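This briefing sets out selected features of one protein model, grouped by topic. Please consult the sequence and the structure alongside the text.

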Amino acid sequence: MPKEKYDPPDPRRLYTIMSAEEAANGKKSHWAELEISGRVRNLSSSLWTLTHLTALHINNNNLSRIPPDIAKLPNLVYLNLSSNKLRSLPAELGNMVSLRELLLNNNCLRVLPYELGRLFRLQTLGLKGNPLSQDILNLYQEPDGTRKLLNYMLDNLAVHPEQLPQRPWITLKERDQVASSAVFTVMSYNVLCDKYATRQLYGYCPSWALNWEYRKKGIMEEITNCDADIISLQEVETEQYYTLFLETLKDRGYDGYFCPKSRAKLVSEQERKHVDGCAVFFKTEKFSLVQKHTVEFNQVAMANSEGSEVMLNRVMTKDNIGVAVLLEVKIELFSAGMKPTQDKQLLLVANAHMHWDPEFSDVKLIQTMMFLSELKSIAERASSSVASGSPASDPASIPIVLCADLNSLPDSGVVEYLSSGGVAENHKDFKELRYNECLTNFSCNGKSGKSDGSITHSFQLKSAYESNLMPFTNYTYDFKGVIDYIFFTKTHMSVLGLLGPLETQWLVDNNITGCPHPHIPSDHFSLLAQLELQPPLPPLNGLHLTVHSSAACDSQKLKD
């Protein structure tokens, strides 16, 4: 992890004793440090109830052991155990991942528990004056010895537990047995590309478990076990797309489309191999490819800047992209014996990875708006190429499945925009920056439309994972939350089932600091949804009726 600023406790500790009068008057004391001295041999169990402590000084005593209960003080940043008679340390010390300074000088330690390697935030480790083995001392005495020693211990620590529990399948409803429908599964998964999987970012993960050669096996296992009909992946490195993902999945009956981030055009051929992007795969026995598209957000930002400096300086400078494939659903996918009521059923599958930085909520929201605006254009062009008498000639008849790492929480403007069909022009996520002029370009009414103070879109989208079904999709030491999503057109589709979360209590009970982990190859968990697609109803007196009312922005009023 990057070194954060750490101020050790002031060695000149000052104490003030509260007077009896102050105590009688109800004066409260607030203290986060505790010193215990006086040649103490044993520690009282009541000490472990002081969970608010951030610094504990128990040096210069006669302690021969430290109980495992010390790990009940999770907020300790500083722990001084120097100048005691300690012969061993409890393995539970490794669970105290908040520690920045651990002083063990002048004790009787011959060995150290390998669990100390889990203290990835530790900046100072005092080991002088202990009869430790020469191998440990040699490593410790090297430049940056503390870090090297901790890395060595983490890399050689046995992995517990031995395996991961299975994530549950959650059935939400049964397939419609009456109407003609197609059922298929969709997976969305940020695989964490090799370039970002560093000890600086994921210091709690052993280096061998961060290595791509190790992680790629777990990633492919996750993908093949899910066996989804449509797979959307984010953070796929260009070279790995061709040599690993496409090669492996083609053998399993998939075809795919990939595009790297925009910077791929600006770097050398060698660097280009390691630029990540988004990929979509689909089973060719169930879908056939009609069109494929890439949306480069920096290009769309430049074309729609309308002279806005913030649009050029904040949005255009980010090289995130989205991809989309227009698929035709094969007749065989529909209910046995029931053919769809139209000749051709199209499905637009989109995949995107939005900008990561929490300080750029405006950029994430605008990237999402740009993506939906481009998807609307793709749907309109696709429908105009279909015979005008067919239901597919209406853009609203082309359902959409949108998978994305939105880097946005469920209460964000991004998710509000996707779920409710729009956001206010003065939404807090725009950070009061001057985007108004260019935002109307992305609204479903367009530049010429009447603005009601909000930016809207014409897709009627719903998130597959609703009601807090997943407590997190990204799980690291300093962030745990939902930022990955599968959205779908709710007028044409419904969710039959979902892959549920890994049990939170299991992660806590097994002291999983964060992911990646030897059993979890990415810092993200995959999403998997089973969707049911119901095409429009057959024509009635020349009018095409859809299953539900079509999107507000595109609805046509039928006149007598």
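**Strand pairing, cores and salt bridges**

Ala-404 of strand β14 stands opposite Tyr-485 in β20. The structure is a predicted model. The points below begin with β14 and its partners, continue with β22 and the five-stranded sheet, and then turn to the nonpolar cores and the salt bridges.

**Strand β14 and its partners**

- β14 and strand β20 (residues 484-489) run antiparallel and are joined by five bridges.
- With strand β13 (residues 345-353), β14 pairs in the parallel sense, over six bridges.
- Within the pairing of β13 and β14, Val-349 has Val-401 of β14 as its bridge partner.
- Strand β14 covers residues 400-405, and six of its six residues are buried, so the strand is largely enclosed by the rest of the structure.
- Ile-400, Leu-402 and Ala-404 point one way from β14, whereas Val-401, Cys-403 and Asp-405 point the other way; all are buried.

**Strand β22 and its partners**

- Strand β22 (residues 527-533) has six buried residues out of seven, so β22 too is largely enclosed by the rest of the structure.
- Seven bridges link β22 to strand β7 (residues 182-190) in the antiparallel sense.
- Val-183 has Glu-532 in β22 as its bridge partner.
- Strand β21 (residues 493-499) also runs antiparallel to β22, and five bridges join the two.
- Opposite Met-493 stands Leu-533 in β22.

**The open five-stranded sheet**

- Five strands form an open sheet in the order β1-β2-β3-β4-β5, and their pairing is parallel.
- The edges are occupied by β1 (33-35) and β5 (124-126); each has a single partner strand, so one side of each is left without a neighbour in the sheet.
- On average, and with direction ignored, neighbouring strands of this sheet are turned by 5° against each other.
- Strand β4 (residues 101-103) runs parallel to β5 and is joined to β5 by three bridges.
- Glu-101 has Thr-124 of β5 opposite it.

**Nonpolar cores**

- The largest nonpolar core contains 111 residues, of which Phe-184, Ile-223, Ile-230, Phe-245, Phe-281 and Leu-375 touch the most other members.
- Helix α10 (residues 361-384) gives the most to this core, contributing 10 residues.
- Another core, of 36 residues, lies apart from the largest one; Trp-48, Leu-112, Leu-119 and Leu-122 are among its members.
- When residues up to four places away in sequence are not counted, Ile-223 touches Met-187, Tyr-189, Ile-231, Leu-233, Phe-245 and Leu-249.

**Salt bridges**

- The model has 14 salt bridges.
- Glu-142 and Lys-148 meet through their side chains in a salt bridge, at 3.1 Å from N to O.
- Glu-142 counts as partly exposed, at 35% relative accessibility, and Lys-148 likewise counts as partly exposed, at 35%.
- A further salt bridge brings together the side chains of Arg-263 and Asp-319, at 2.7 Å from N to O.
- Arg-263 lies in the loop between β9 (254-260) and α7 (269-272), and Asp-319 in the loop between α9 (309-315) and β12 (321-329), so the pair ties together parts that are 56 residues apart in sequence.
- Arg-263 is partly exposed, with a relative accessible area of 27%, whereas Asp-319 counts as buried at 13% relative accessibility.
- Asp-362 and Arg-314 form a salt bridge in which the closest N and O atoms are 2.6 Å apart.
- Because Asp-362 lies in helix α10 and Arg-314 in helix α9, this pair ties together parts that are 48 residues apart in sequence.
- Asp-362 counts as buried, at 0% relative accessibility, and Arg-314 is buried as well, with a relative accessible area of 19%.

**The network around Lys-286**

- Asp-227, Asp-229, Lys-283 and Lys-286 are joined into one network by salt bridges that share partners.
- Lys-286 is placed in the loop between β10 (276-283) and β11 (287-296).
- A polar contact of 2.8 Å connects the side chain of Lys-286 with that of Asp-229.
- Leaving aside neighbours within four places in sequence, Lys-286 is in contact with Asp-229, Glu-328, Val-329, Lys-330 and Leu-333.

Notes
Residues are numbered from 1 along each chain as its sequence is written. This is a predicted model: local features need pLDDT of at least 70, side-chain atom pairs count only at pLDDT 80 or more; totals for chains, interfaces and linings use all residues. Side-chain values use heavy atoms; hydrogens and water are left out. A nonpolar core is a set of buried Ala, Val, Leu, Ile, Met, Phe, Trp, Tyr and Cys residues joined through side-chain atoms within 4.5 Å. Buried means under 20% relative accessible area, exposed over 50%, partly exposed in between (1.4 Å probe, protein chains only). Helices (H or I, at least four residues) and strands (E, at least two) are DSSP runs, numbered from the N terminus. Contact means heavy atoms within 4.5 Å. Two strands pair if DSSP finds at least two bridges between them. Axes are lines fitted to C-alpha atoms, for helices over the stretch in contact, and angles run from 0 to 180 degrees between N-to-C directions. A salt bridge is a side-chain nitrogen of Lys or Arg within 4 Å of a carboxyl oxygen of Asp or Glu. A polar contact is a pair of N or O atoms within 3.5 Å; within protein, one must be able to donate a hydrogen and the other to accept it, and residues adjacent in sequence count only if both atoms are side-chain atoms.
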